[in-house]
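User: I'm new to reading protein structures and would like a close look at one part of this one. Could you walk me through how its strands are put together, and then show me some side chains around them?

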Amino acid sequence: MKTKIFLALLAVVTLMSCNSNKKENSEAGEHAEHEGPEGVVMLNELQREALNLQLGNFQMRNLTTLVKTNGQLEVPPAASADVTAIIGGNVKEIKVFHGDKVNKGQALAILEHPDYIVLQEEFAETANKLEFLEQEYARQKELFENNVGAGKDFQQVKSEYNTAKARYEGLKSRLQLLNLSPDKVKEGSISNTISILSPINGFVNDVNIKVGTYVDAKDQLLSITDNREIHADFMVYENDVHLIENGQKVDFTVSNRPGEELSATIFAIGKEFEPNTRAVHIHARLDKNPGNLIPGMYVSGHIHTDENNTRTLPNNAVVAEGTKSYIFILDESVEAEKHEGHVDEAVAENEEGHEGHEHEAEENHEEHEGEAGHEDENDSHVMAFRMVEVITGKQDGGYTEIKLLSPLSDDTQIVMNAAYYLLADMKKEETEHEH
């Protein structure tokens, strides 16, 4: 009886020892699962999102022959308009608000005044008189040519006809300037209001009127700007003016779009210096308008005076350790080897489980299945980033010149930011290994 009890206790101890070893092996595997070879950092999807990790390629930029400049965004004169009234009147209605987008010919405001009625009455009266004089002129001309009528009568009718015709055309033009239809006025349709129309497409910048206010012809009612025609107006000092030519590229940044670089091409160079700054205006047309740009925004950039481009990366893609500099590249080979190792390990564990612990696997099937799903979810999309030593050169505008010690393909995916954090994470793993 004692022998049976001893054998039972021995079996329980042996089983607990096996489970303990298995647990230790599992924990060790989990700890090493995200650890890669030396000089490699393994990051899962959650870690990459936390770092806002961005991948990209080398950029060819000019860091040597540059002219630094600053200025502001402007629109050409043809893309900006001040709206006035042709004839004074009282504001009856305002149809737009500050910041509204308007199209050419769209009504902006309505004015009313008795003078508009008087002008239309004069035109209608002149039109009717002209019709009579036109017939009388034709009749007197026929009599004169047949030597029936007196030349004096013909000359008088001709003078009256030409005078009425000139007045008719003048009044007609004035009505058209007021956006009134001369044909409707001739039919007897008289309006006591006129519409102020937008002369261009664009956005309303200023509204300087109120309902009921009397405005004169010289008063500015509204101002409109077409921001689609926006360009960069840079200032270049006299020491660098001789380096500037039409067609040169300009890379610049705008205050409302931090971290984003825009490009433009010079199309006009000023021919006189600003008296206070001794600088010349350089106008550059944007290669691509990203939108949300407003005239008057401050811009800062550099002009490429030649095509001496070199391989560069953003400053945040380069990290220094001691006297050496490094970048991190995506290493898919390490990721593939890691995946194959996990598959082999899983097969071996599966075979071992079938040989010695079939009964235990059946009892804990649901538990293992849940743990495996959780591990797969955490470890999905793990990527490896290998540290590569480089030599750095000039720095300008947030970019660093990169010289490779060993060749890399043009499509190599490079970590464009957070290189410092990747190096710190790798050093942390190395310290844990030592302990």
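Analyst: Strand β10 (residues 202-207) and strand β12 (residues 220-225) run antiparallel and are joined by 4 bridges. To find one of these on your screen, go to Phe203, whose bridge partner in β12 is Thr225. Keep in mind as you look that this is a predicted model.

Now widen the view to the sheet around these strands. It is an open sheet of 4 strands in the order β5-β12-β10-β7, and the pairing is antiparallel. Which strands stand at the edges? They are β5 (80-84) and β7 (101-102); each has a single partner strand, so one side of each is left without a neighbour in the sheet. In general, strands of a sheet pair through backbone hydrogen bonds, either parallel or antiparallel.

Next, turn to the barrel. Here 6 strands form a closed barrel that runs β4-β13-β16-β15-β14-β17, again with antiparallel pairing. From one strand to the next, the twist averages 40 degrees. Strand β4 (residues 66-74) and strand β17 (residues 298-304) run antiparallel and are joined by 7 bridges. A handy place to see this is Lys68, which has His302 as its bridge partner in β17.

With the strands in place, let's visit some aromatic rings. The structure holds 3 aromatic pairs. One of them is formed by Phe234 and Phe252, which meet edge-to-face, with 5.7 Å from centre to centre and 70 degrees between the planes. Phe234 lies in strand β13 (residues 231-237) and Phe252 in strand β14 (residues 249-254), so this pair ties together parts that are 18 residues apart in sequence. Are these two rings buried or exposed? Phe234 is buried, with a relative accessible area of 0%, and Phe252 counts as buried too, at 1% relative accessibility.

Another aromatic pair, Tyr420 with Tyr421, is also edge-to-face, at 5.6 Å centre to centre with 80 degrees between the planes. Both Tyr420 and Tyr421 are exposed, whereas Phe234 is buried.

Rings can also have a charged side chain over them. Arg285 lies over the face of Phe267, 4.2 Å from the ring centre. Likewise, Arg311 lies over the face of Phe58, at 5.3 Å from the ring centre.

Back in the barrel, pick out Thr265 in strand β15 (residues 261-269). The side chain of Thr265 makes a polar contact of 2.9 Å with the side chain of Lys249. A polar contact of 2.9 Å also joins the side chains of Thr265 and Asp287. Apart from neighbours within four places in sequence, the residues in contact with Thr265 include Gly247, Gln248, His283, Ala284 and Arg285. You have already met Arg285, over the face of Phe267.

Our last stop is Asn289, in the loop between β16 (279-286) and β17. Asn289 is partly exposed, with a relative accessible area of 35%. Its side chain reaches the backbone nitrogen of Gly291 at 2.9 Å. Leaving out residues up to four places away in sequence, Asn289 touches Asn227, Arg228 and Ile230. Finally, compare Asn289 with Ala264: the two are 25 residues apart in sequence and 9.5 Å apart in space, C-alpha to C-alpha.

Notes. Residues numbered from 1 in each chain as written. Heavy atoms only, no water. Phe/Tyr/Trp six-rings, centres within 6.5 Å; stacked < 30°, edge-to-face > 60°. Helix = DSSP H or I, 4+ residues; strand = E, 2+ residues; numbered from the N terminus. Buried < 20%, exposed > 50% of the residue type's maximum accessible area, 1.4 Å probe, protein only. Lys NZ or Arg CZ within 6 Å of the ring centre and 35° of its normal. Polar contact = N/O pair within 3.5 Å; in protein donor to acceptor, adjacent residues only side chain to side chain. Contact = heavy atoms within 4.5 Å. Pairing = 2+ DSSP bridges. Axes fitted to C-alpha atoms, helices over the stretch in contact; angles between N-to-C directions.
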